[in-house]
Amino acid sequence: MQDFLNLDSITVCYSEHAIIENLSLILPKGKIGCFLGESGCGKTTLLRCIAGFEPLCDGSIILDNNVISTANHLTLPEKRLVGMVFQDYALFPHLTVIENISFGLKHLNKEVRLEKVNSLLALVGLEDLAKRYPHALSGGQQQRVALARALAPEPKLLLLDEPFSNLDVETRERLLPELLDILKATGQTAILVTHNQREAFAMADLVGVITNKQLIQWGTPEEIQHTPANDWVRKFIRS
Ligand SMILES: Nc1ncnc2c1ncn2[C@@H]1O[C@H](COP(=O)(O)OP(=O)(O)OP(=O)(O)O)[C@@H](O)[C@H]1O
């Protein structure tokens, strides 16, 4: 497998207590990975490690041939070119849609920035709401702004932590294929955390099942569903 993101035997601890032990996986460029597992198994912690918000106790994380985390080295989050979309969108309330999306593009000249933001607004279908503030948007619209803002700096890797969890079922159903289309259209490599297996199997090229501090299986949705690694995975995906 062509290796773009490589988690190599990583162990993650909080106060010397291991949350994740000796976890390895490879995600090729342009693919969407998804972590599945029970509440508290460490899915968000893994995303935080990849984003550079948590150190490793052991192992290494390599992104696009750069070692970004080891037990002794942590490339700063802002230097990793890793974007993150949070559960609660985390938009800047005092900035309009267009200002939120432009936030990470201050280094570009005005013309280039405007062109980029306009194409992102079109990509997420928010051209008509560019001057609104977040409080005047629906949950689904806020999530689209968060996605456009995260995509704006063209991250090497996009991390999405339960991006649909605050949305009603109807909006989730509508946004899921839209999100997939946007990620695939931009060739974005991404990792999604969700509690929802249907979402994981619909979105992901590769699904990781985590339990008891370990990644039990890392495979395509078909492999996980048709050849589960053990009884635990079989029961988990039927639950
Ligand atoms: N800052 C912290 N300090 C100590 N323990 C923590 C910290 N953050 C998380 N934990 C613990 O680490 C474990 C993994 O948490 P994490 O949030 O990664 O799980 P999760 O799989 O994302 O859970 P959920 O699906 O409920 O969001 C949990 O037992 C949690 O209590």
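This report walks through the fold, one helix pair and a few single residues of the chain.

What you're looking at is a predicted model, where local features need pLDDT of at least 70 and side-chain atom pairs count only at pLDDT 80 or more, while totals for chains, interfaces and linings use all residues. Residues are numbered from 1 along each chain as its sequence is written.

**The chain as a whole**

The chain has eight helices and 10 strands; these are DSSP runs numbered from the N terminus, with helices being H or I of at least four residues and strands E of at least two. Its C-alpha trace spans about 50 × 40 × 35 Å along the principal axes. For 239 residues, a compact globule would have a radius of gyration near 18 Å, and the chain agrees with its 18 Å. That radius is taken over C-alpha atoms, and the globule rule is 2.2 Å times the number of residues to the power 0.38.

How much of the chain counts as buried? The share is 36% of the 239 residues. Buried here means 20 or more other C-beta atoms within 10 Å of the residue's own, exposed means 12 or fewer, and partly exposed is in between, with C-beta atoms placed from the backbone. As for contacts (C-beta atoms, placed from the backbone, within 7 Å), residues 24 or more positions apart account for 64% of those with a separation of 6 or more.

**Helices α4 and α5**

Now for a helix pair. Helix α4 (residues 139-151) packs against helix α5 (residues 169-185) at an angle of about 15°, and their axes are 11 Å apart. Axes are lines fitted to C-alpha atoms, for helices over the stretch in contact, and angles run from 0 to 180 degrees between N-to-C directions. That angle makes α4 roughly parallel to α5; the cut-offs are under 35 degrees for roughly parallel, over 145 for roughly antiparallel, 65 to 115 for roughly perpendicular, and oblique for the rest.

On the α4 side, the contact is made by Gly-139, Gly-140, Gln-143 and Leu-147, and on the α5 side by Thr-171, Leu-175, Leu-179 and Ile-182. Sorted by class, that gives four nonpolar, four polar and no charged residues. Here Ala, Val, Leu, Ile, Met, Phe, Trp, Tyr, Cys and Pro are nonpolar, Asp, Glu, Lys and Arg are charged, and the others, Gly among them, are polar.

**Some loop residues**

Most residues other than glycine have a negative phi. Glu-162 is not a glycine, yet its phi is positive, at about 45°. Asn-212 isn't a glycine either, and its phi is also positive, at about 50°. Here is where these two sit, along with two other loop residues.

| Residue | Loop between | Other C-beta atoms within 10 Å | Class |
|---|---|---|---|
| Ala-90 | β6 (82-85) and α2 (97-102) | 15 | partly exposed |
| Glu-162 | β7 (157-161) and α5 | 19 | partly exposed |
| Asn-196 | β8 (189-193) and α6 (197-203) | 16 | partly exposed |
| Asn-212 | β9 (206-211) and β10 (214-219) | 11 | exposed |

Asn-196 and Ala-130 are 66 residues apart in sequence, with 31 Å between their C-alpha atoms. For Ala-90 and Gly-40, 50 residues apart along the chain, the C-alpha separation is 22 Å.

**Lys-116 in α3**

Lys-116 belongs to helix α3 (residues 110-123). Which residues does Lys-116 touch, not counting those up to four places away in sequence? They are Leu-105, Leu-108 and Ala-152. With 18 other C-beta atoms within 10 Å, Lys-116 is partly exposed. Its C-alpha atom is 9.5 Å from that of Ile-101, 15 residues away along the chain.

Note on methods. Two residues are in contact if their C-beta atoms, placed from the backbone, lie within 7 Å.
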